[in-house]
Structure formats: structure tokens, C-alpha cells
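Here are some short exercises to work through with the model open in your viewer. Try each task before you read its solution.

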Amino acid sequence: MMRRITSALVLATSMTLASSAAAEDTFTFEPAGALAPTSGTGREDDRVYVPAMRFPIESGPAYANSQVWGHGGNSGPKGSGQCDAENYSYPWRDNYCESRSWAMPLCPSGTGHQGQDIRAATCEKDVHWVVSASDGTVTNIGSYSVYVTASDGTRFDYLHMSEVTVKEGDDVKRGQRLGKVSNQFGGTPTTVHLHFNIRQNVAGVGFVFVPPYASLVDSYKELLNPTPPPPDPPPTAAPAAPPPPKEPTSQELPAEPEPEPQMVDSGCASAPASTSTGALALVLGVTVAGAIRRRAGRRAAR
Ligand SMILES: [Zn+2]
């Protein structure tokens, strides 16, 4: 009976991302505010409070649903188990305003669950990575919680993780691993899931837990079917210049011969005498040659 109701809701409200895929594998989700039956009154709020958020589990598939009203939960079907296939199948279901005693000014009853329960691809604990939904700083680490605060003041809470990789004061990047999906609860364990909160300043209300569901749906669609990156710029018209001829490296060059030792005449740094001797010989030579030419000229005149 419950299954039939669910199917009707899916047909009416779900969004199909890949119509060719088998029904069980196609991401579908109940609308924001449609809580599990008898679990409370939801807030019908489609607003994406964190645009361009990173889905907080590294890889899909993942399943947002109630860990208390779902199979194996305290208020779940009798005799069911947390690892039942029902918990690991679509459609997703909002549980932000699910019945709790915490003050929740944005919920119709004024109280609620604060955030969203999300199961990873499988029921195994300590396997699936939780990643940061945004750049930010780790502002608190509790016995089962990690808070990351973004520069705009938005706080993201990640609960029930094991193998936490960060410490208070760390700056983290969007998509950075924070820990693994587990069942940590500071004592008696909970079911294996990530509880995820978003807290923001809301005008006229204060710093409150805001509905994370629409931001999760958006970021999950992006995880399953990423927006293609912008095309590469066209190649430049001029081909690249050919590389310069290869210079031989020093290892390839033949070894330089050692310079021969110079024979130096010590004590003969200057020799003015020989220069004047050379000049005298030149003057004498020119004079003798001129005399011979004059004599020859006189002979010819005769
Ligand atoms: Zn929870």
C-alpha cells in the first residue's frame, strides 16, 4: 500500500534525469516538504539556499530519506532493517521538519529535525567519503559532528562521521574529504547515514537552520550529470616557432685542452734598442735603394 502511494507521488512530482535508465536507477525525488507519512508537517520550500553547492558525499548514488521513519529506524516499519533496499532506492524524501523537539522557526510546527539524513551508495559504514559542500573553515569538532563555516557566514554541519580528516581551524576546499559516512553518535550508535545541516542568517528570523533539500537536489543532479566545462579557446593561427637548434651540453663538448705553459723571456720585457735598430736598417735600406735608382737613371740618360 505504502509502495503504491509512493509510486503515485513519484509520477506526479518527480523529475526524470535519464529516461533510458531502469526505473530503479533513475533519480527521482519527492517535493520539498513532503515528509514520510506520520513524521510531521514539512515546509514546502524550493529555495536553493546555497547555489552551486557541492553534494556532501563524494560519489553517487546517495539516498536522502528519514533514518528514523525509514526501514530499521525507531519509528520505521516493524521487523525492518536499516540496510533494506527501501532505504537505498529513490525517490528522495525531505526530512528537515520531521518531528523533534528542537526549535525550528522555519518549520510549520515551530520545531523540527534541523537538517537532512542522507545514506551513501551502500549500507557499509566507514567506506564512503563525506566532502565539504563549500570552501570554509572548520569551526567546531564535536564527538560526532564537524562544522565548516563559509566566508559568507553559512555553516555546514556534518554528523555521525568516522575517520575525520580535519581539525578545528583548518581551511577546507569545496569537495575536500572530511570523514566517512558512519554511525557515530557519541555513544550508542545511530544508523549508518550522514546528517547534514545548513545554517544561515535569515532576515527577520536570525541565524537558523534553513531547508537544505533543494540545495541537495541541485547539487546531486550536478554530481550525477556534471555541467560540461566551457569549450577550449580556438588554437592560435600562427604555428608555434620551431625550437632553437639544440646546444650541446657541457658534457657533450670535447674537453678543452689545458693551455700550454708559455715560455716567457724574463728580463726582456722592453727592448727599445732593437726597435731603433730596425728603424735604422729601414732608413739605410731606403737610402741605398734610392742611390741605386738615381745611378741607373743617369746611365739610361746617357
Ligand atoms: Zn538526522
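**Exercise 1. Decide whether Asp-126 is buried, partly exposed or exposed, and describe its backbone.**

Step 1: set the scale. A residue is buried if 20 or more other C-beta atoms lie within 10 Å of its own, exposed if 12 or fewer, and partly exposed in between, with C-beta atoms placed from the backbone.

Step 2: apply the scale. Asp-126 counts as partly exposed because it has 14 C-beta neighbours inside 10 Å.

Step 3: look at the backbone. Asp-126 is not a glycine, but its phi is positive, near 60°. Asp-126 sits in the loop between β4 (116-119) and β5 (129-131); strands here are DSSP runs of E with at least two residues, helices are runs of H or I with at least four, and both are numbered from the N terminus.

Two notes before going on. This is a predicted model, in which local features need pLDDT of at least 70 and side-chain atom pairs count only at pLDDT 80 or more, while totals for chains, interfaces and linings use all residues. Residues are numbered from 1 along each chain as its sequence is written.

**Exercise 2. Find out whether His-160 is buried or exposed, and how far its C-alpha atom is from that of Phe-185.**

Step 1: locate His-160. The loop between β8 (155-159) and β9 (171-172) holds this residue, and its phi is positive, about 75°, although it is not a glycine.

Step 2: count neighbours. His-160 is buried, because 26 other C-beta atoms lie within 10 Å.

Step 3: turn to Phe-185. It belongs to the loop between β10 (177-180) and β11. With 14 other C-beta atoms within 10 Å, Phe-185 is partly exposed.

Step 4: join the two. Phe-185 and His-160 are 25 residues apart along the chain, and their C-alpha atoms are separated by 5.8 Å. Two residues are in contact if their C-beta atoms, placed from the backbone, lie within 7 Å. Leaving aside neighbours within four places in sequence, Phe-185 is in contact with Tyr-144, His-160 and Thr-190.

**Exercise 3. Locate the cis peptide bonds at Pro-61 and Pro-91.**

Step 1: take Pro-61. A cis bond links Gly-60 to Pro-61, with omega about -5°. Pro-61 is in the loop between α1 (2-13) and β1 (63-64).

Step 2: take Pro-91. The bond from Tyr-90 to Pro-91 is also cis, with omega near 5°, and Pro-91 is in the loop between β1 and β2 (102-103).

**Exercise 4. Work out which strands pair with β11.**

Step 1: fix the rule. Two strands pair if DSSP finds at least two bridges between them.

Step 2: go through the partners. β4 and β11 run antiparallel and are joined by three bridges; Gln-116 stands opposite Phe-196 in β11. β8 pairs with β11 in the antiparallel sense over five bridges, and Arg-155 faces Arg-199 in β11. β12 is joined to β11 by five bridges, again antiparallel, with Ile-198 opposite Val-210 in β12.

Step 3: check the turn. The hairpin of β11 and β12 has three residues between the strands, and Gly-204 there has a positive phi near 80°.

**Exercise 5. Describe the largest nonpolar core.**

Step 1: define it. A nonpolar core is a set of buried Ala, Val, Leu, Ile, Met, Phe, Trp, Tyr and Cys residues joined through C-beta atoms within 7 Å.

Step 2: size it. The largest one has 44 residues, and those with the most contacts inside it are Ile-57, Ile-118, Val-130, Tyr-158, Val-181 and Leu-194. Elements giving two or more residues to this core are β1, β7 (145-149), β8, β11 (194-202), β12 (206-210) and α2 (213-224). The largest share, five residues, comes from α2.

Step 3: zoom in on Tyr-158. Beyond neighbours within four places in sequence, its contacts include Pro-56, Val-130, Leu-178 and Phe-196.

**Exercise 6. Judge the confidence across the chain.**

Step 1: start with the mean. pLDDT is the predictor's confidence in each residue, from 0 to 100; its mean over the chain is 82, and 70% of the residues reach 70 or more.

Step 2: find the low stretches. Residues 1-23 have pLDDT below 50, with 21 contacts in the model beyond near neighbours in sequence. Over residues 252-302 pLDDT stays under 50, and the model has one contact beyond four places in sequence for them.
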